[in-house]
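Colleague: Before I use the labels in your description, I would like to know what stands behind them.
Modeller: Ask about them one at a time.

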Amino acid sequence: MSSLTRSHRPLCSSTVSTLYSKTSTAPAHTRSAFYHLHSTQTSSRTAWSAPPQRTPAIMSSHVRSASSTSKQGHAPAANIKAAHHGTPMRHVVPSPQDYDTSYSIEARKYLKTYGLTPPGVESYDNQAKRCMQILNSKQLPIERYQYLSALRHTNVHLFYRLLAANVKELTPYIYTPTVGEACQRWSELYTFPEGLYLSFADKGHLHSVIQNWPHEVEITVVTDGSRILGLGDLGIDGMGIPVGKLSLYTACAGIHPMRTLPLCLDLGTSNEQKRNDPLYLGSRRDKVTPEEEKEFLDELMAALTERWPGIVIQYEDFKNPFPSLERYQETYTMFNDDIQGTGAVTTGGFINAVKQSGVAPQDQRAVFLGAGSAGVGVAKQLTEFFMKAGLSEEEAKKRFWFVDSQGLVTLDRPGKLAEHKVYFARDDNNGQQYKNLEEIVEYVKPTILMGLSTIGGAFTPKILSRMAELNEKPVIFPMSNPSSKSECTFEEAIKYTESRCLFASGSPFPTLEWQGKSLVPGQCNNMYVFPGIGLGAILSKSVSVTQNMIYASAEALYTSLTPEEVQSNWLYPDVNRIRDVSVVVTRGVIRAAQRDGVDRELAIRNLSDDEMEEYIRHRMYDPFTEQNDVNEEVRELAQHVFGGAAPVANGNGTSRSGMPHGKL
């Protein structure tokens with residue numbers, strides 16, 4: 001029985017009665033053995049005080065006498081023969097997933113949910129059919145998000161079964177782009193608790209607050225809400241990001257949902273509209289200073305690792321992610337998905353794009369619209385790719401031209417450059433300052449156009465057409481989220497490059513029917529890599545997440561395409577294969593951890609690649625088999641009763657013997 005789902009359960013009286021009734025024709029010694037089993041277990045329970053019994057008010061004038069008669073005859077007599085005053089039982093509260101309608105009748109009695117769900121026993125397929133019908137009846141994406149959130153909260157295994165079977169269709173409602181609206185309206189739509197909130201007012205006591213989380217944790221996603229997607233500072237309303245991200249950790253890499261911790265830091269918000277909103281659920285104070293935040297994060301990291309020593313900590317959507325990454329990456333098992341995850345997933349698709357473009361690495365010229373933390377993080381990952389292709393570091397970083405709100409990022413332009421922009425700032429512009437993207441495209445003549453600006457429509461038809469004039473296969477990567485912030489759409493890229501571009505976007509776009517062909521857009525979605533990075537760090541028990549582990553995730557993603565996908569010029573694998581892709585990525589991350597000597601799980605060092613993949617798969621949460629634990633416990637109980645094997649329903653409509661549910 002997995003400790004992740006429930007603790008050992010005492011037998012309830014209904015289970016005992018059901019199973020004993022099946023022994024009525026059994027030999028006396030079998031019935032005696034069963035009675036001994038039940039009485040031993042009952043006597044070992046923690047004794048709870050019996051509630052006072054209600055005494056009927058026999059002197060009340062309105063109480064009907066047992067000997068009185070009704071118009072139809074004698075009134076029913078009270079049951080005075082069967083005693084109902086047994087030893088009080090300890091109350092075991094079922095978990096939300098225990099109310100699953102696919103459980104057999106025996107399992108429901110064992111879980112103490114019998115009678116608390118409709119009597120019908122459903123197959124997984126029938127459950128999924130109902131859920132999809134309900135989902136499709138919702139008109140707005142945010143309504144679908146709310147329904148799926150409620151389903152995850154009330155029946156976590158059903159939620160992940162549904163997601164596993166419909167990952168491509170449902171991911172946009174669980175994470176981007178719909179999660180953007182969910183975060184904007186988090187306080188307005190708040191319905192039930194999800195995750196852990198730590199406020200600046202808790203400083204000095206974070207360890208005590210963290211003790212309130214009831215489960216063991218292997219991985220957490222933490223945000224302060226200060227830069228949610230391209231939507232700005234949303235304060236605690238950014239909790240939708242850790243919740244959605246961890247759903248993908250479970251769906252893609254099989255990290256058990258009960259071992260994940262969505263974590264939102266309430267460090268104030270610079271969003272005055274939020275602070276003045278009467279429905280806002282965060283503290284109504286301005287954002288703390290960088291020094292105050294550093295002290296808070298120091299305490300947080302120590303408290304998390306003291307409670308859960310092996311925890312993997314992923315940072316997400318901090319306005320300035322560099323200080324925390326630089327401060328903690330060598331001390332804790334942590335990484336930042338905005339910088340490292342985005343860089344890795346872009347690198348994976350970029351390698352494929354470079355190979356398909358026919359342009360040698362040393363001849364590539366990449367213009368980046370957006371010089372924030374995400375853009376710089378991506379470019380640093382790509383710099384590593386160019387260096388592995390034989391370029392020096394100086395030659396590699398010269399493959400990039402960055403564009404921000406003031407134009408081309410150069411060392412000699414007026415004003416002081418932000419520290420993180422200096423590395424890629426150009427010094428070969430001969431004093432000329434280029435102010436807009438059109439000018440810069442004409443000046444650089446790029447082979448690659450990358451967008452991380454959150455400026456919707458920034459890749460205009462004129463710019464896209466010029467890219468097609470300059471290149472046989474221009475690489476177009478509009479990476480910004482959500483879809484409204486994307487620099488161009490898939491259709492625009494295809495139309496204005498005469499369908500010759502190599503395209504990948506940060507947000508999902510639909511398949512496009514174009515000149516008799518169905519064109520599938522690549523999505524440069526971090527979900528291809530961060531689940532494998534997290535699972536690889538967990539399984540290898542890494543003491544840190546090294547840069548080599550991050551780059552290994554990109555290389556593994558590149559190798560995960562099938563021959564058919566390569567033949568179709570895809571840059572990323574089919575998202576419906578995300579579990580298989582995550583296994584490959586996880587293996588690559590573990591191998592990098594072993595090479596770097598940061599792994600503590602020494603027993604798996606000598607596994608072959610095939611053995612390693614089998615090891616990974618066996619440790620991935622599978623919502624289709626989670627009920628097997630309960631069925632196994634019921635089977636073991638039945639064996640005690642019958643003295644041999646007994647058929648037990650498998651959660652898929654039949655018992656292991658082929659009998660319908662409820663027929664032992």
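The labels are taken in turn below.

Modeller: This is a predicted model, in which local features need pLDDT of at least 70 and side-chain atom pairs count only at pLDDT 80 or more, while totals for chains, interfaces and linings use all residues. Residues are numbered from 1 along each chain as its sequence is written, and side-chain values use heavy atoms, with hydrogens and water left out.

Colleague: Why is α6 called roughly perpendicular to α11?
Modeller: The axes of α6 (residues 156-165) and α11 (residues 240-253) cross at roughly 70° and come within 10 Å. Axes are lines fitted to C-alpha atoms, for helices over the stretch in contact, and the angles run from 0 to 180 degrees between N-to-C directions. Angles of 65 to 115 degrees count as roughly perpendicular, under 35 as roughly parallel, over 145 as roughly antiparallel and the rest as oblique. The crossing therefore makes α6 roughly perpendicular to α11. Helices here are DSSP runs of H or I with at least four residues, and strands are runs of E with at least two, numbered from the N terminus.

Colleague: Which residues meet between α6 and α11?
Modeller: From α6 they are F159, Y160 and L163; from α11, L246, S247, T250 and A251. Contact means heavy atoms within 4.5 Å.

Colleague: What makes α6 mostly covered?
Modeller: Eight of its 10 residues are buried, where buried means under 20% relative accessible area, exposed over 50% and partly exposed in between (1.4 Å probe, protein chains only). Among the eight are H157 and R161. The buried residues of α6 pack against α4 (124-137), α5 (141-154), α7 (167-174) and α11.

Colleague: What makes β10 and β16 edge strands?
Modeller: Each pairs on one side only. The order of the open, seven-stranded sheet is β10-β9-β8-β11-β12-β13-β16, with mixed pairing. Two strands pair if DSSP finds at least two bridges between them. Strands β9 (residues 400-404) and β10 have two bridges, in the antiparallel sense. D404 has G407 in β10 as its bridge partner.

Colleague: Which residues have the most contacts inside the largest nonpolar core?
Modeller: They are L198, L265 and F368, in a core of 126 residues. A nonpolar core is a set of buried Ala, Val, Leu, Ile, Met, Phe, Trp, Tyr and Cys residues joined through side-chain atoms within 4.5 Å. Helix α24 (residues 578-596) supplies the largest share of this core, nine residues. Another core, of 25 residues, lies apart from it and includes L408 and F490.
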